[in-house]
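Q: Please take a close look at the metal site in this model, and then lead me outward from there to the parts of the chain that surround the topic. I am in my first year, so a connected explanation would help me most.

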Amino acid sequence: MAEITGGCLCGAVRYTANAEPTFMANCHCVDCRKSSAAGHMSLFGLPADKVEFSGTMSEYAMTADSGAAVTHHFCPNCGGQIFNNTSNNPDGVAVVAASLDNPDIFSPQVSVYASRATPWDPPKEGIPQFEKMPPRG
Ligand SMILES: [Zn+2]
Ligand SMILES: [Zn+2]
């Protein structure tokens with residue numbers, strides 16, 4: 001895959017990665033709905049050491065439904081969400097697909113927390129759905 005690039009709405013935060021995404025998912029959990037201000041959040045994984053962020057980000061740390069400590073990283077100027085990291089995946093980051101310069105490179109493989117999906121933004125048809133998170137393996 002070619003270089004992955006993206007950033008926030010105002011451009012103050014940017015990132016570049018040279019790696020294959022480790023996962024691509026649509027998450028319908030309440031945290032993703034509230035933090036994205038949309039029905040679900042589309043996220044893809046990258047190895048943390050393969051992505052370079054530039055610009056100053058604000059952080060919001062919280063405990064996820066899974067019990068993991070999650071930190072949301074976003075632009076303090078425009079509020080654009082950039083990535084999350086969690087205590088149960090310290091070597092990876094989950095990048096917000098909507099921040100991609102070329103969003104066409106994202107293609108969700110699974111829907112997670114499908115049980116929390118709203119009627120107005122149901123899980124995508126044709127891909128596996130998990131009630132919560134799929135078992136780790
Ligand atoms: Zn911004
Ligand atoms: Zn979520």
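A: In this predicted model, the zinc ion (ligand 2) is held by three sulfur donors, the SG atoms of Cys27, Cys29 and Cys32, at 2.1 to 2.2 Å. If you follow these donors along the chain, their spacing reads C-x1-C-x2-C. Two of the cysteines, Cys27 and Cys29, are buried, and Cys29 also belongs to a nonpolar core of 11 residues, whose members include Ala25, Val110 and Tyr113.

That core lies apart from another one, which is the largest nonpolar core and has 18 residues. Within the largest core, the residues that touch the most other members are Ile4, Tyr15, Phe44, Leu46, Val95 and Leu100. The elements that each give two or more residues to it are S2, strand S4 (41–47), S8 and strand S9 (92–96). Leu100 shows how such a residue is surrounded: leaving aside its neighbours within four places in sequence, Leu100 is in contact with Ile4, Thr5, Gly6, Tyr15, Phe44, Ile105 and Phe106.

Tyr15 then leads from the core to a sheet, for Tyr15 stands opposite Phe53 in S5. Strand S2 (residues 14–17) and S5 run antiparallel and are joined by four bridges. These two strands belong to an open sheet of three strands, in the order S1-S2-S5 and with antiparallel pairing. Its edge strands, each of which pairs on one side only, are strand S1 (4–7) and strand S5 (51–54), and from one strand to the next the twist averages 15°.

One more residue deserves a careful look, and it belongs to another of the elements named above. Gln81 lies in strand S8, which covers residues 81–86, and S8 is one of the elements that give two or more residues to the largest core. Gln81 counts as buried because its relative accessibility is 16%, and the limit for that word is under 20%. The side chain of Gln81 reaches the backbone oxygen of Ser35 at 2.9 Å. Not counting residues up to four places away in sequence, Gln81 touches Ser35 again in the list of its contacts, together with Met41, His72, His73, Phe74, Val96 and Ser99.

Technical notes: Residues are numbered from 1 along each chain as its sequence is written. Chains are lettered from A and ligands numbered from 1 in the order in which they are written. This is a predicted model: local features need pLDDT of at least 70, side-chain atom pairs count only at pLDDT 80 or more; totals for chains, interfaces and linings use all residues. Side-chain values use heavy atoms; hydrogens and water are left out. Donors are N, O and S atoms within 2.8 Å of the metal (3.2 Å for Na, K and Ca); water is not among the atoms, so sites may look incomplete. Buried means under 20% relative accessible area, exposed over 50%, partly exposed in between (1.4 Å probe, protein chains only). A polar contact is a pair of N or O atoms within 3.5 Å; within protein, one must be able to donate a hydrogen and the other to accept it, and residues adjacent in sequence count only if both atoms are side-chain atoms. Contact means heavy atoms within 4.5 Å. Two strands pair if DSSP finds at least two bridges between them. Axes are lines fitted to C-alpha atoms, for helices over the stretch in contact, and angles run from 0 to 180 degrees between N-to-C directions. A nonpolar core is a set of buried Ala, Val, Leu, Ile, Met, Phe, Trp, Tyr and Cys residues joined through side-chain atoms within 4.5 Å.
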